[in-house]
Amino acid sequence: MKIICVGRNYVEHIIELENERPDSPVIFLKPETSIIHKNQPFFIPSYSNDVHHEIEVIVQINRLGKSISPKFSHKYYDKIGLGVDFTARDLQITLKKRGLPWEKSKAFDGSALIGNWINKNEIEDLNNIDFKLEKNGYIVQTGNTSNMLWNIDELISEISKYFTLKIGDVIFTGTPSGVAKVIENDNLVGFLNDRECFSIKIK
Ligand code: ZN
């Protein structure tokens, strides 16, 4: 399986990182080895002093698909959840400045947290999902899928132009504003419409 991530999908997050608003979705990949095993902590890697949390709505692909039209995208997933796209921001800034690929800062071992899945039928409106991240009991990121530049169905269509989607692939749909550094002993908890989807310790 692979993880396909979307960058710059919420205007307020684009502004906080002083990025340009893209005219098509920014897409990058994480390998399977980036996934944090169930109930394991996130380990801050030795090569970064500024790892950020990015909470994101995620979907799991359940059918093989290529060049999917947006009107059929909904047939290609039935599970939705929350994940964290851990990002070594210091390394990413250096790589971006040099015009180099982001992978070292985004796709390293343990950089992808995948929370518990929810059947999408249990969600009333996929384009109006509230989600939030709490750090040590305080809310640090809040988002609503209505604020995405490209919604889930549009993303699936766009991604599948370039990458064949396979059963089990996971899409990270981008983070809202509020990204910030994690430090040892932080505890992160993610909520989707007030349902807890994950809880993870930083080591
Ligand atoms: Zn992200």
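# A tour from Cys 197 to the S13–S14 hairpin

Start by selecting Cys 197, which counts as buried because its relative accessibility is 2%, below the 20% cut-off for that class. Bear in mind as you go that this is a predicted model.

**Stop 1: the two cysteines**

Keep Cys 197 on screen and add Cys 5. Is Cys 5 buried or exposed? With a relative accessibility of 0%, Cys 5 counts as buried. How many disulfides does the structure hold? The number is zero. Cys 5 is in no disulfide, and the nearest cysteine sulfur, that of Cys 197, lies 17 Å away. Seen from the other end, Cys 197 is in no disulfide either, with the sulfur of Cys 5 as its nearest cysteine sulfur at 17 Å. A disulfide is counted when two cysteine sulfur atoms are within 2.5 Å.

**Stop 2: helix H2**

Next, select residues 89–97, which make up helix H2, and colour its buried residues: Arg 89, Gln 92 and Leu 95. These residues sit on the same side of H2, because they cover an arc of only 120° around the axis. The spacing fits a general rule: an α-helix has 3.6 residues a turn, so residues three or four places apart point the same way.

What do the buried residues of H2 pack against? Show helix H1 (11–16), strand S3 (51–53), strand S6 (87–88) and helix H3 (103–106), and you have the partners of that buried set. Before leaving, click on Gly 99, just after H2, where phi is positive at about 70°.

**Stop 3: a small sheet beside the helix list**

Two of your selections, S3 and S6, now lead to a sheet. Add strand S12 (180–181) to see an open sheet of three strands in the order S6-S3-S12, with antiparallel pairing. S6 and S12 stand at the edges with a single partner strand each, so one side of each has no neighbour in the sheet. Zoom in on S3 and S6, which pair in the antiparallel sense over two bridges. Here, His 52 stands opposite Thr 87 of S6.

**Stop 4: the cavity**

Now turn on a cavity display if your viewer has one. How many cavities of 30 Å³ or more are there? The count comes to one, and the space in the largest cavity is about 120 Å³. Its lining consists of 17 residues. To find the centre of the largest cavity, select Gly 7, Arg 8, His 13, Glu 54 and Lys 106, the lining residues that lie nearest to it.

Which elements give two or more residues to this lining? They are strand S1 (3–7) and H2. H2 gives the most, with three residues, so keep the helix from Stop 2 in view.

**Stop 5: two residues with positive phi**

Stay with Arg 8, which is found in the loop between S1 and H1. Arg 8 is not a glycine, yet its phi is positive at about 55°. Arg 8 is also buried, with a relative accessible area of 18%.

For a second case, jump to Asn 136, in the loop between strand S9 (130–135) and strand S10 (138–144). Asn 136 is likewise a residue other than glycine with a positive phi, near 50°. Is Asn 136 buried or partly exposed? At 40% relative accessibility, Asn 136 counts as partly exposed.

**Stop 6: strands S9, S13 and S14**

Leave S9 selected and add strand S13 (residues 187–192). S9 and S13 run antiparallel, joined by five bridges. To see one bridge pair, pick Glu 134 and its partner in S13, Val 189.

Then add strand S14 (residues 195–201), which runs antiparallel to S13 and is joined to it by six bridges. Two bridge pairs to look for are Asn 187 with Lys 201 of S14, and Gly 190 with Phe 198 of S14. S13 and S14 form a hairpin with two residues between them. In the turn, Asn 193 has a positive phi of about 45°.

Finally, colour S13 by accessibility. Why can this strand be called largely enclosed by the rest of the structure? Five of the six residues of S13 are buried, so that description fits.

How values were computed
Residues are numbered from 1 along each chain as its sequence is written. This is a predicted model: local features need pLDDT of at least 70, side-chain atom pairs count only at pLDDT 80 or more; totals for chains, interfaces and linings use all residues. Side-chain values use heavy atoms; hydrogens and water are left out. Buried means under 20% relative accessible area, exposed over 50%, partly exposed in between (1.4 Å probe, protein chains only). Helices (H or I, at least four residues) and strands (E, at least two) are DSSP runs, numbered from the N terminus. The arc is that of the directions from the helix axis to the C-beta atoms. Contact means heavy atoms within 4.5 Å. Two strands pair if DSSP finds at least two bridges between them. On a 1 Å grid over the protein atoms alone, a cavity is a set of points where a 1.4 Å probe fits but cannot get out, and a pocket is an open set with protein on both sides within 12 Å along at least five of seven lines; lining residues have an atom within 4 Å of a point. Grid points are joined across faces, edges and corners, and a volume is the space filled by probe spheres set on the points.
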